[in-house]
Amino acid sequence: MRVHAAGTCKLHASVLTIGALDGVHRGHQALVCEARKRALALGVPLVVYTFDPPPRVFFQQALQLTTVEEKLSRLGQLSVEHAIVASFDAAYSTRGESAFLTELQDLNPVEIWVGPDFRFGSKRGGDIGTLRESFAVKVLDSIRCSSGEIISSSRIRSLLMQNCHLQAEQLLGWQTVQGKA
C-alpha cells in the first residue's frame, strides 16, 4: 500500500472511500470491502482518504482507538492500494467544502463510498448531497452487531470506558480479519 499526504496523490481513476476510520472496526471493514469489490470490478485502484488524528479526537479529545500506524496496517490487510492521510489540525479544520472537493478531483474517483452520516469541510458544512453534486456517491448502510445496535467508533469508545473490552473487541473485529489475512 502506498501512503500519501493529503494533496499529493494524483490518479487517472479510482474508487475512493473517505472517513476517520478510527479503529477500522467492522463497519469500516464492510465499507472498505464494498469499495474494494467495486474497484476490482472497475479495474481501478482502491483509495482510502483518512485523517490523523481523527476529527473527534482533535475537537473533543476523544479516546483514539488506533494510531495512524495501526490504522494503515489494518487498511493494508484490507487490500487498500493507496491511503491518503490528512494531518488534521487547526488549519485543516478550517478548510471549506470546495477545497476538499477540489483535492478529491485529483484522484478522479469513478465512485466514492461513504457511511450514512458522512460530513466534511469546516464545521461539517458538506454532506452526502454536497458530495453528489460533483461525484458518483454510494452510501453503505450502517452495520449492526448481533444485538441490532449500530457499530461505531463512539460506541466502541464507550464500551472501553466501561471496561467492556470483550464487547469492544467483537465490534472491532480484528481477531477475525487477522485470521483471514
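**Figure 1. The largest nonpolar core of the predicted model.** The largest nonpolar core holds 29 residues. Val-15, Val-32, Leu-46 and Leu-75 have the most contacts inside this core. Two or more residues come from each of α1 (26-42), β3 (46-52), α3 (68-77), β4 (82-87), α7 (153-161) and α8 (165-172). Helix α1 gives the most, with four residues. All coordinates shown here and in the other views belong to a predicted model. In soluble globular proteins, nonpolar side chains tend to be buried together.

**Figure 2. Surroundings of Leu-46, and a second core.** Leu-46 is among the residues with the most contacts inside the largest core. Neighbours within four places in sequence are left aside here. Leu-46 is then in contact with Val-15, Val-32, Ala-35, Arg-36 and Ala-39. Ser-79, Val-80, Glu-81 and His-82 complete its list of contacts. Two of these partners, Val-15 and Val-32, also rank with Leu-46 among the residues with the most contacts in the core. Another core lies apart from the largest one. This other core has 23 residues, including Leu-16, Tyr-49, Leu-104 and Phe-120.

**Figure 3. The largest pocket and its lining.** The largest pocket encloses about 1,100 Å³ of space. Its lining is made of 42 residues. Closest to the pocket centre are Gly-19, Ala-20, Asp-117, Phe-118 and Arg-124. Elements that give two or more residues to the lining are α1, α2 (55-60), α4 (90-93), β6 (119-120) and α7. Helix α2 supplies the largest share, four residues. By class, the lining counts 19 nonpolar, 14 polar and nine charged residues. Helices α1 and α7 also give two or more residues each to the largest core.

**Figure 4. Strand β5 and its two parallel partners.** Strand β5 spans residues 109-114. Five of its six residues are buried, so the strand is mostly covered, with buried meaning under 20% relative accessible area. Strand β2 (residues 14-18) runs parallel to β5, and four bridges join the two. One bridge pairs Leu-16 with Ile-112 of β5. Leu-16 is also a member of the 23-residue core. Strand β8 (residues 137-139) also runs parallel to β5, joined by three bridges. Here Val-114 has Val-139 of β8 as its bridge partner. In a regular strand the side chains alternate between the two faces of the sheet.

**Figure 5. Tyr-92 in helix α4.** Tyr-92 sits in helix α4, an element that contributes to the lining of the largest pocket. Tyr-92 counts as buried because its relative accessibility is 14%, below the 20% limit. Beyond its neighbours within four places in sequence, Tyr-92 is in contact with Tyr-49, Phe-51, Ala-86, Ser-87 and Phe-100. Tyr-49 belongs to the 23-residue core. Tyr-92 and Gly-121 are 29 residues apart along the chain. Their C-alpha atoms are separated by 8.9 Å.

**Figure 6. Thr-130 in helix α6.** Helix α6 covers residues 128-132 and contains Thr-130. Relative accessibility is 18% at Thr-130, so this residue counts as buried. Not counting residues up to four places away in sequence, Thr-130 touches Leu-101, Phe-120 and Gly-125. Phe-120 is one of the residues of the 23-residue core.

**Figure 7. Ser-153 in helix α7.** Ser-153 is found in helix α7. Ser-153 counts as buried because its relative accessibility is 12%. With neighbours within four places in sequence set aside, Ser-153 is in contact with Asp-22, His-25, His-28 and Leu-65. Helix α7 gives two or more residues to the largest core. The same is true of helix α7 and the lining of the largest pocket.

**Figure 8. Backbone features in three loops.** Most residues other than glycine have a negative phi, and most peptide bonds are trans. The bond between Asp-52 and Pro-53 is cis, with omega about -5 degrees. Pro-53 lies in the loop between β3 and α2. Gln-61, in the loop between α2 and α3, has a positive phi near 55 degrees. Its relative accessibility is 64%, so Gln-61 counts as exposed. Arg-124 is not a glycine, yet its phi is positive at about 55 degrees. Arg-124 is placed in the loop between β6 and β7 (126-127). Arg-124 is also among the residues closest to the centre of the largest pocket.

How values were computed:
Residues are numbered from 1 along each chain as its sequence is written. This is a predicted model: local features need pLDDT of at least 70, side-chain atom pairs count only at pLDDT 80 or more; totals for chains, interfaces and linings use all residues. Side-chain values use heavy atoms; hydrogens and water are left out. A nonpolar core is a set of buried Ala, Val, Leu, Ile, Met, Phe, Trp, Tyr and Cys residues joined through side-chain atoms within 4.5 Å. Buried means under 20% relative accessible area, exposed over 50%, partly exposed in between (1.4 Å probe, protein chains only). Contact means heavy atoms within 4.5 Å. On a 1 Å grid over the protein atoms alone, a cavity is a set of points where a 1.4 Å probe fits but cannot get out, and a pocket is an open set with protein on both sides within 12 Å along at least five of seven lines; lining residues have an atom within 4 Å of a point. Grid points are joined across faces, edges and corners, and a volume is the space filled by probe spheres set on the points. Ala, Val, Leu, Ile, Met, Phe, Trp, Tyr, Cys and Pro count as nonpolar, Asp, Glu, Lys and Arg as charged, and the others, Gly among them, as polar. Two strands pair if DSSP finds at least two bridges between them.
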